[in-house]
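Thanks for coming. I will take a few minutes on one chain, starting with how far the model can be trusted and then going through the parts that can be read.

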Amino acid sequence: MPRGHALIVDDSSTARIILARMLEKADFTARGAASAEEGFKMLRAEPYDLIFLDHLLPGMNGFDALKILKDDPDTRDIPVFMYTSQNADKYLEDAKALGAAGVISKQVDRDQLLEMVDSILAGRDDDIPLLPLPKEPLNGTDEASVSRRLTGRLSTLEIAYEDTHDELHQLRTTVATLQAQIEESVDRRYRRLRLLWSVTLVGLVAVAVYFSLELAQVKQVLNSVNEQFTVIQDIIAQIVGIDGQGQ
């Protein structure tokens with residue numbers, strides 16, 4: 001039984017897959033939408049416990065979608081996390097002001113994300129760990145920033161590797177299952193063909209025997225007819241001979 005159901009709204013299928021894999025580690029099921037409009041349709045179709053919302057989307061952007069979510073009584077209580085590559089403090093402040101539970105980077109560390117999800121499930125909104133956006137230093141050489149980015153990217157690569165490994169394992173299992181099914185199907189068809197051939201052969205032998213018996217009976221009938229015809233000829237010949245003697 002999953003612990004919750006998350007909606008990921010992001011136009012990048014790769015980002016949706018990676019975040020969904022992270023959430024699966026916390027026993028969350030996840031579904032994805034490529035636009036805010038599509039996400040609204042999915043929200044009307046089924047309930048969600050958590051929403052991850054990208055900022056830059058085709059059509060309506062993330063902030064506009066967040067406003068609608070927080071103005072709607074049916075969705076205002078669902079924790080919404082802006083899921084973005086933005087890296088400005090102003091963006092974090094604006095998102096929080098609009099009602100977002102937080103802002104996370106697309107290079108988020110998996111352990112931090114799982115800790116955040118656990119806090120949400122436990123109802124400890126005040127204890128939700130802040131997942132700060134990576135700040136780009138002016139000279140681009142800040143070691144802490146570089147370390148955060150590397151950690152996030154390594155986490156992303158790890159998820160991608162695990163996903164590929166799982167898919168490869170599933171593919172192998174599927175291939176093995178299909179191979180077993182094919183072999184079973186071939187063996188079953190072979191047995192059916194053997195049975196059909198046996199039945200056909202027996203049928204042909206039975207037909208041959210039947211026609212042989214019928215042919216023997218026909219020969220007997222013909223022989224009987226010939227014998228009767230010979231007797232009739234003899235009788236006719238005798239009658240003709242008697243008639244000639246009388247004259």
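What you see is a predicted model, with a pLDDT that averages 81 over the chain and reaches at least 70 for 79% of the residues. Broken down by element, helix H2, residues 36-45, has the highest mean at 95, and helix H5, residues 110-121, has the lowest at 74. Residues 127-141 are another matter: pLDDT stays under 50 there, and the model has 36 contacts beyond four places in sequence for that stretch.

Now the layout. There are six helices and five strands, and from the N terminus the order is β-α-β-α-β-α-β-α-β-α-α. Of the 247 residues, 30% count as buried. Among contacts with a separation of 6 or more, 59% are between residues 24 or more positions apart. The chain exposes about 16400 Å², and 57% of that comes from carbon and sulfur atoms.

Next, strand E5, residues 102-105. Strand E4, residues 80-84, runs parallel to E5, and four bridges join the two. One residue to look for is Phe81, whose bridge partner in E5 is Gly102. In a regular strand, side chains alternate between the two faces of the sheet. Is E5 covered on one face or on both? Both: Gly102 and Ile104 are buried on one side, and Val103 and Ser105 are buried on the other.

On to charges. Side chains of opposite charge can pair when their charged atoms come close. The count here is four salt bridges, and I will show three of them.

In helix H1, residues 13-24, Arg21 and Glu24 are about one helical turn apart because three residues separate them in sequence. Their side chains form a salt bridge at 3.0 Å, N to O. Glu24 is partly exposed at 41% relative accessibility, and Arg21 is partly exposed at 26%.

The other two are in helix H6. Glu184 and Arg188 lie four residues apart there, about one turn, and their closest N and O atoms are 3.5 Å apart. Asp187 and Arg191 are also four residues apart in H6, with 2.0 Å between the closest N and O atoms. Asp187 is partly exposed at 37%, as is Arg191 at 47%.

Last, a nonpolar patch on the surface. Trp197, Leu201, Val205, Val209 and Leu213 form it, with about 510 Å² of accessible area together. Leu213 is found in H6, residues 143-246. Why does Leu213 count as exposed? Because its relative accessibility is 53%, and the cut-off for exposed is over 50%.

Key
Residues are numbered from 1 along each chain as its sequence is written. This is a predicted model: local features need pLDDT of at least 70, side-chain atom pairs count only at pLDDT 80 or more; totals for chains, interfaces and linings use all residues. Side-chain values use heavy atoms; hydrogens and water are left out. Patches are made of residues with over 30% relative accessible area and no salt bridge: like charges are joined within 9 Å, nonpolar side chains (Val, Leu, Ile, Met, Phe, Trp, Tyr) within 5 Å. Accessible areas come from the Shrake-Rupley method with a 1.4 Å probe; for residues, only the protein chains shown count as cover. Buried means under 20% relative accessible area, exposed over 50%, partly exposed in between (1.4 Å probe, protein chains only). Two strands pair if DSSP finds at least two bridges between them. pLDDT is the predictor's confidence in each residue, from 0 to 100. Contact means heavy atoms within 4.5 Å.
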